[in-house]
Amino acid sequence: MMKPADLLDTLGGIARGRLLQQYGSTRSQLAVATREGTIRRIRPGVYALETTDPKIVVAAAHGGALTCADALRAHGIWVLPSVDHDVHVWLGRSGRTHPHASCECIPHHSPGAAGLGLAPVAAALVHAHRCLDQEAFFAAYESAWNKHLLSSHDRKRIRRELPKSTHWLLDLARSDAESGLESVLRLRLHLLGIHLDCQVVIDGVGRVDSVAARRVIVEVDGRLNHAGPEMRHKDLTRDAAASHLGFETLRFDYAMIMHDWDAVVHAITSAIARARG
């Protein structure tokens, strides 16, 4: 029979006592493990490991699952950095909260039964839409879709639960956006009336992030995909091949897109003007 701590580890680090009992842990074993410090009792009937994410523990103490941006990051979804230190908790449609020390939790109510741990991706995205700005939500939504973490049922649920005034964002979203920076760039250019053809395969060059005005290649250089001399050489070789075919290649990194946007816009609009001239 597994020890309570080992069982909690297989269940994601946090669980209700009744679930642990279903898997063979008795009340006396849970009490002993709590006294010995191998597990923690978060509130009556809820147990966690000492190593469990503190925000997940706080959410469970409040009565639900961790949601919003923190949950999305934990699911491996790309989310813009933020300075929000609050714990966002999914409580289901009408879940009951529990008093706990130093509570500054942000509650989220939406259809479904909230468990413990992490809120499902679809629910976390619905809640993120309430708390994040437009482009942060859009980038997270595309990231989740690209990572195959959103089923068609999930996307229908999100559309149903979001205001109709935001459905255009969902219609603009694509499943092939390979980085959050690509999503931010495309959304911003869309709002400026600039259309990008995305994930374009060019004979002799390969697949590029996007093309504007048929002749301007726009690439987003994230640290992971373009770091190191070998990848830099590959990028330069592709750019040279593209130039030979009559394309102009523009490359932008995180710092330019997020902190020097005017320079990005000027570069793209100027290149488009040259392509059409």
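**Exercise 1. Is Arg-188 buried or exposed, and which residues does Arg-188 touch?** Start with the label: is Arg-188 buried or exposed?

*Solution.* Before we start, note that this is a predicted model, where local features need pLDDT of at least 70, side-chain atom pairs count only at pLDDT 80 or more, and totals for chains, interfaces and linings use all residues. Residues are numbered from 1 along each chain as its sequence is written, and side-chain values use heavy atoms, with hydrogens and water left out.

Step 1: Arg-188 has 15% relative accessibility, so Arg-188 counts as buried. Buried means under 20% relative accessible area, exposed over 50%, and partly exposed in between (1.4 Å probe, protein chains only).

Step 2: find Arg-188 in helix H10. Helices (H or I, at least four residues) and strands (E, at least two) are DSSP runs, numbered from the N terminus.

Step 3: leaving aside neighbours within four places in sequence, Arg-188 contacts Glu-135, Ile-257, Met-258 and Trp-261. Contact means heavy atoms within 4.5 Å.

**Exercise 2. Work out the label and the partners of Arg-93.**

*Solution.* Step 1: look in the loop between strand S5 (88–90) and strand S6 (106–108), where Arg-93 is found.

Step 2: Arg-93 counts as exposed because its relative accessibility is 58%.

Step 3: beyond neighbours within four places in sequence, Arg-93 is in contact with His-109, Ser-110, Pro-111 and Gly-112.

**Exercise 3. Describe the sheet and the helices that pack on it.**

*Solution.* Step 1: trace the open sheet, whose 4 strands follow the order S7-S8-S9-S10 with mixed pairing. Two strands pair if DSSP finds at least two bridges between them.

Step 2: mark the edges, strand S7 (197–202) and strand S10 (248–253), each of which pairs on one side only.

Step 3: zoom in on S8 (206–212) and S9 (216–221), antiparallel strands joined by 3 bridges. Here Ser-210 stands opposite Val-218 in S9.

Step 4: add helix H10 (180–191), which lies across S7, S8, S9 and S10 and runs at about 135 degrees to S9. Axes are lines fitted to C-alpha atoms, for helices over the stretch in contact, and angles run from 0 to 180 degrees between N-to-C directions.

**Exercise 4. Find the largest nonpolar core and another one.**

*Solution.* Step 1: the largest nonpolar core has 28 residues, and those with the most contacts inside it are Leu-72, Leu-125, Tyr-141, Leu-150 and Ile-158. Such a core is a set of buried Ala, Val, Leu, Ile, Met, Phe, Trp, Tyr and Cys residues joined through side-chain atoms within 4.5 Å.

Step 2: apart from it lies another core of 21 residues, including Val-220 and Trp-261.
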